[in-house]
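Me: I have a model on screen and would like the reasoning behind some of the labels. Please set each value against its cut-off.

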Amino acid sequence: MPEQPAAERVQNFSEVPYGFSDDTAMAEAGRCLQCKKPTCMDGCPVGIDIPGFIKEIRDGNFLSAIEVIKQTNSLPAVCGRVCPQESQCEELCVLGKKFEPVAIGSLERFAADYERTREQLPLPARAPQTGKRVAIIGSGPAGLTAAGELNRLGHAVTVFEALHSPGGVLGYGIPEFRLPKEIVHYEIEALRRAGVEIVMNRVIGISETVDDLFDQGYDAIFLGTGAGLPMFLNIPGENLQGVYSANEYLTRSNLMKAYRFPEYDTPIIRADRVAVFGGGNVAMDSARTARRLGGKEVHLIYRRSRDEMPARKEEIHHADEEGVIFDILSNPLRFLGDDKGRVRGVECLKMKLGAPDDSGRRRPVPVEGSEFVVDIDVAIIAIGNAPNPILQKTTAGLKTGRHGTVEADGATQKTSKRGVFAGGDIVSGAATVIEAMGAGRRAAAAIDEYLKTGAW
Amino acid sequence: MHTIQSNELLSPTVGKMVVDAPYVAEHRKAGQFIILRIDEYGERVPLTIADADRGAGTITLYYQIVGTSTHKLSQLKKGDSLKDVAGPLGHPTEIKKYGTAVCVGGGIGIAPLYPIVGALKEAGNRVVVIIGARNRDLLILEKELGVLATEIVVCTDDGSHGKKGFVTDALKEVAGREKVDLVVAIGPVPMMKAVSELTRGMAIRTMVSLNSIMVDGTGMCGGCRVSVGGEKKFTCVDGPEFDGHQVDFAELMERLGAYRSEEKLSYDAHRHKCKLDGVLNDGR
Ligand SMILES: Cc1cc2nc3c(=O)[nH]c(=O)nc-3n(C[C@H](O)[C@H](O)[C@H](O)COP(=O)(O)OP(=O)(O)OC[C@H]3O[C@@H](n4cnc5c(N)ncnc54)[C@H](O)[C@@H]3O)c2cc1C
Ligand SMILES: Cc1cc2nc3c(=O)[nH]c(=O)nc-3n(C[C@H](O)[C@H](O)[C@H](O)COP(=O)(O)OP(=O)(O)OC[C@H]3O[C@@H](n4cnc5c(N)ncnc54)[C@H](O)[C@@H]3O)c2cc1C
Ligand code: SF4
Ligand code: SF4
Ligand code: FES
C-alpha cells in the first residue's frame with residue numbers, strides 16, 4: 001500500500017498508509033483465487049467470509065463487501081488497520097506460500113473506509129425488545145462488540161466507561177498515525193445510533209460494585225475492563241521527572257491531544273533525546289510518537305535481539321524507517337538524574353543471547369563489565385500492562401488467575417459468578433483487538449442464551 | 001454536561017464553584033475527589049469534593065488559581081457548564097472513633113479538610129481544627145469549620161488574621177496540652193512534610209492527602225505515582241490519603257514541578273487569548 005514518506009511523516013500525526021484507490025483495490029481483489037476451502041478464514045478470530053467480501057470488491061460492489069464483513073466484524077475500519085494480519089488471515093493465505101498473500105487487511109480497510117466516507121449501509125435490523133438489561137463495563141473492543149451484538153438481539157445495553165471518551169486502547173493507546181480517532185468515533189457513533197447507551201466518566205468498583213448493578217435491575221453483566229495497569233522496571237531513579245509509562249505518554253498524546261499543546265491544555269515533555277524500553281507494539285508506538293514530538297535521537301532499548309521483538313514486523317520496519325535507533329541486547333540498570341530531579345541518562349548493561357527459555361526465545365544474559373550510559377531527557381517504559389485490578393478487588397465471588405486476570409470459560413466467557421461474563425485483555429492478559437472482539441462476540445451469544453433460558 | 005449553579009471568587013486567587021453532578025453528590029464520601037474537564041481542549045483536573053447537596057444534585061469545589069485550567073475555571077459563570085465530571089474517585093477517608101483528632105489545613109487544603117472534619121465529628125471524635133494560610137485573603141471556610149469543630153485555631157504567616165505563625169506551632173501547642181490520637185494534614189507539600197516530621201517524634205498517627213499530577217485518575221497511567229514506605233503507590237487509586245510518616249515528600253515536590261516550563265507556555269498562550277477576547281478580568 002502506498003505510504004507517506006518517512007521524512008515527511010515524522011513531522012505530523014497523519015495516517016501513514018494512504019489506503020487503496022478503487023482500481024488498486026479491485027486489482028488486488030482480483031488476485032484472490034476464491035479457494036473452495038479458504039484457509040485464510042482459519043486465521044481470522046471472528047471468521048470473516050474472506051473470499052466472499054473480496055469477490056464483491058473485485059466486482060466493484062463495495063457496499064456489498066462491507067455488508068459481508070459486518071456480518072461478523074463490527075469494527076472493520078479498525079481491524080483492517082491494526083490486526084496483525086501477517087500472523088493471522090494473511091499468514092494462512094495459499095498465495096503466500098509462493099507469492100505475496102492477498103492484502104486481506106488492506107482490502108478490509110478499503111471496504112470500511114468506502115462505507116464511512118462515500119455510501120452508508122442502513123442500520124442493521126434490531127430484534128424486538130426483550131425487556132432484559134445488560135451492563136457492559138469498559139468500552140474497549142471487547143465491550144463494544146458485546147454491546148453491539150446484544151443490542152441487535154433486542155436487549156437494552158448500557159456501557160459504563162471510566163474515561164471521558166469511549167474506545168479503550170483504541171482511543172487512548174494506539175496513536176493517531178496508525179488509527180485516526182475520527183474512525184473510532186464514527187464506529188462508536190454507529191453503535192449509539194443503533195441504540196446502545198454509553199455512560200462515560202463512570203468507574204465501576206469504587207462507589208458501586210457489580211452486585212449493586214444487579215440490584216439496579218441489570219440481568220447480566222459483561223466485564224471488559226482490559227489490561228491497563230502499567231508495569232515498571234523497578235530500578236533506581238524511575239520516579240524522576242521525565243520518566244513515563246507508555247500508557248501515560250500515549251494517553252497524554254492521543255486521548256488528551258498533547259501533540260497539539262498548547263492549543264490543547266495537557267502538556268507533554270518534548271525532548272531531543274528519548275529512550276523507550278521494550279520491544280512490542282506499545283514500544284514502537286511510543287518511539288514513533290516521540291519522533292513526531294520532536295525527538296531527534298530516539299533509542300529503543302531492548303534486552304533481546306531484533307528477531308525476538310514481539311512487535312509486528314511492519315511496525316518495527318516503520319520505526320526503523322523513521323530513524324528510531326535500536327539499542328538491542330541492552331538492559332537498563334538505573335536512571336540518572338540532575339539536581340532538579342529530572343532524568344538525564346540511563347545506565348545499561350550489554351547482554352548476549354544464551355540458551356532458549358520457556359517462551360522458546362533465547363534468554364539474554366548479562367555481559368560482565370559492559371555498563372554504558374545513554375544521555376536522555378525523557379524515558380518511556382513499555383514493558384507491558386497487567387489487568388486493571390479495581391473490579392477484581394471489589395467483586396465478591398469472582399475467581400481470578402495468577403496475574404490478576406479474571407477466569408472465564410473459553411467458549412462462553414462465563415466467570416465463576418452467576419450472571420457475570422468477562423472477555424478481552426482482562427481475561428487473556430494484554431493481547432489483540434480482534435481477539436478481544438472475538439471474546440465479546442462469544443460472550444454476547446452466551447449472554448443471550450442465559451437471558452433466554454436462565455440456565456447457568 | 002454539568003451546569004454551574006454558582007461560581008464566585010472568595011479572594012483574588014481562590015474560587016468556589018457549585019456545579020451539577022448528581023451521581024457524585026449521591027455517592028461521594030469524605031476524602032474523595034473528582035476529575036473535571038472544562039471543555040474539549042481541557043486537561044483532566046483533579047479537585048476534592050468539598051461538599052455536596054444530594055437533594056439538589058450539586059457538589060461544591062474550591063480551587064486556587066495557579067495556572068491555565070484553574071484560571072479558565074475562574075472565568076466561568078452561573079449557567080455555563082463543565083464538559084465532564086468523573087467520580088467520586090480515590091479511597092474515602094477511614095472514619096471511625098479515634099478519640100481526639102487534630103485536623104490541620106493549609107491554604108486551599110482547607111477545602112478537602114472540611115468534609116473530613118464533619119465526618120470525624122459525626123463519628124464521635126473530639127475534633128480540633130487548625131487552619132492557616134499566608135495571609136487573611138487565602139483563608140477559606142473559617143466560619144463553616146468553626147461551627148463543625150470542637151475547637152478551631154486560626155493562624156496566618158503574616159499575622160493579618162488569627163495567630164501569627166505556622167500551623168505546626170499551633171499543633172505543637174495542642175499536642176503539648178492533650179493526648180492526640182490522629183492528625184490529618186492537608187495543604188501545600190512543605191506543610192504536610194513539616195507536620196509529619198513533627199508528629200513522627202510524638203508518635204501520632206498522621207494522614208496526609210497528596211495532590212500528585214494526574215491524568216486518568218483510574219490507575220492506568222502511573223503518572224501520579226509516589227513513594228510510600230519505599231513502595232510505588234498510585235495516588236489516584238491507592239490514595240489520595242497516605243501515612244504521612246511513610247511518604248517521600250521531596251520526590252513528590254520534584255514531580256509536581258515536571259511541567260513548569262510547559263505550564264508557563266500554556267498560561268502565556270491562554271492569557272494572550274484572553275486579552276484578545278477581552279476577558280482577562282481577575283486580580284492576577
Ligand atoms: C499502545 C498499544 C498499541 C496496541 N496496538 C495493537 C495493534 O496494533 N493491534 C492489535 O490487535 N492490538 C494492539 N494492542 C492491544 C489491544 O489494543 C488490546 O488487546 C485491546 O484493546 C483489548 O481490548 P479490551 O476491550 O479487552 O480492553 P481495553 O481496550 O483496554 O478497554 C478497556 C476499557 O475499560 C475501561 N475500564 C477499566 N476499568 C474500568 C472500570 N472499573 N469501570 C469502567 N470502565 C473501566 C478502560 O478505561 C478502557 O476504556 C495495542 C495495545 C496498546 C496499549
Ligand atoms: C486528589 C487531588 C485533589 C486536589 N484538590 C484540589 C482542590 O480541592 N483545590 C485546588 O485548588 N486544587 C486541588 N488539587 C490540585 C489541582 O488539581 C491543581 O492545582 C490543578 O490541576 C492545576 O491546574 P492549572 O492548569 O491551573 O495549573 P498548572 O499550570 O497545570 O500548574 C500550576 C501549578 O500547579 C501544580 N499542579 C499542576 N497539576 C497539578 C495537579 N494535577 N495536582 C496538583 N498540582 C498540580 C504544578 O506543580 C504547578 O506548580 C488537587 C489535586 C489532586 C491530585
Ligand atoms: S479481522 Fe483481522 S484477522 Fe480477520 S480478516 Fe480482518 S484483518 Fe484478517
Ligand atoms: S486463501 Fe488467499 S487466495 Fe484463497 S480465498 Fe483466502 S485470500 Fe483468497
Ligand atoms: S492518574 Fe493515572 S494512574 Fe493515577
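Me: Why does A:Cys40 count as buried?

Reply: First, this is a predicted model. A:Cys40 has 10% relative accessibility. Buried means under 20% relative accessible area, so A:Cys40 counts as buried.

Me: What makes B:Cys236 buried?

Reply: The relative accessible area of B:Cys236 is 3%. The cut-off is under 20%, so B:Cys236 is buried.

Me: How many disulfides are there over all chains?

Reply: A disulfide needs a pair of cysteine sulfur atoms within 2.5 Å. By this rule, the count over all chains is zero.

Me: What makes the pair formed by B:Thr70 and ligand 2 a polar contact?

Reply: An N or O atom in the side chain of B:Thr70 is 2.4 Å from an oxygen atom of ligand 2. The limit for a pair of N or O atoms is 3.5 Å, so the pair is a polar contact. A polar backbone atom of B:Tyr62 lies 2.8 Å from a nitrogen atom of ligand 2, and a polar side-chain atom of B:Glu43 is 3.1 Å from an oxygen atom of ligand 2.

Me: How much of ligand 2 does the protein bury?

Reply: Ligand 2 taken alone exposes 840 Å², and the protein buries 88% of that.

Me: Which residues and elements surround ligand 2?

Reply: There are 23 residues around ligand 2, and B:Pro46 and B:Leu256 are among the closest. By class, 12 are nonpolar, eight polar and three charged. Strand E4 (45-48) of chain B gives two or more residues to this shell; with four, E4(B) gives the most.

Definitions and conventions
Residues numbered from 1 in each chain as written. Chains lettered and ligands numbered in written order. Predicted model: local features only at pLDDT ≥ 70, side-chain atom pairs only at ≥ 80, totals over all residues. Heavy atoms only, no water. Near = heavy atom within 4 Å. Polar contact = N/O pair within 3.5 Å; in protein donor to acceptor, adjacent residues only side chain to side chain. Areas by Shrake-Rupley, 256 points an atom, 1.4 Å probe, with all protein chains shown as cover. Nonpolar A, V, L, I, M, F, W, Y, C, P; charged D, E, K, R; others polar. Buried < 20%, exposed > 50% of the residue type's maximum accessible area, 1.4 Å probe, protein only.
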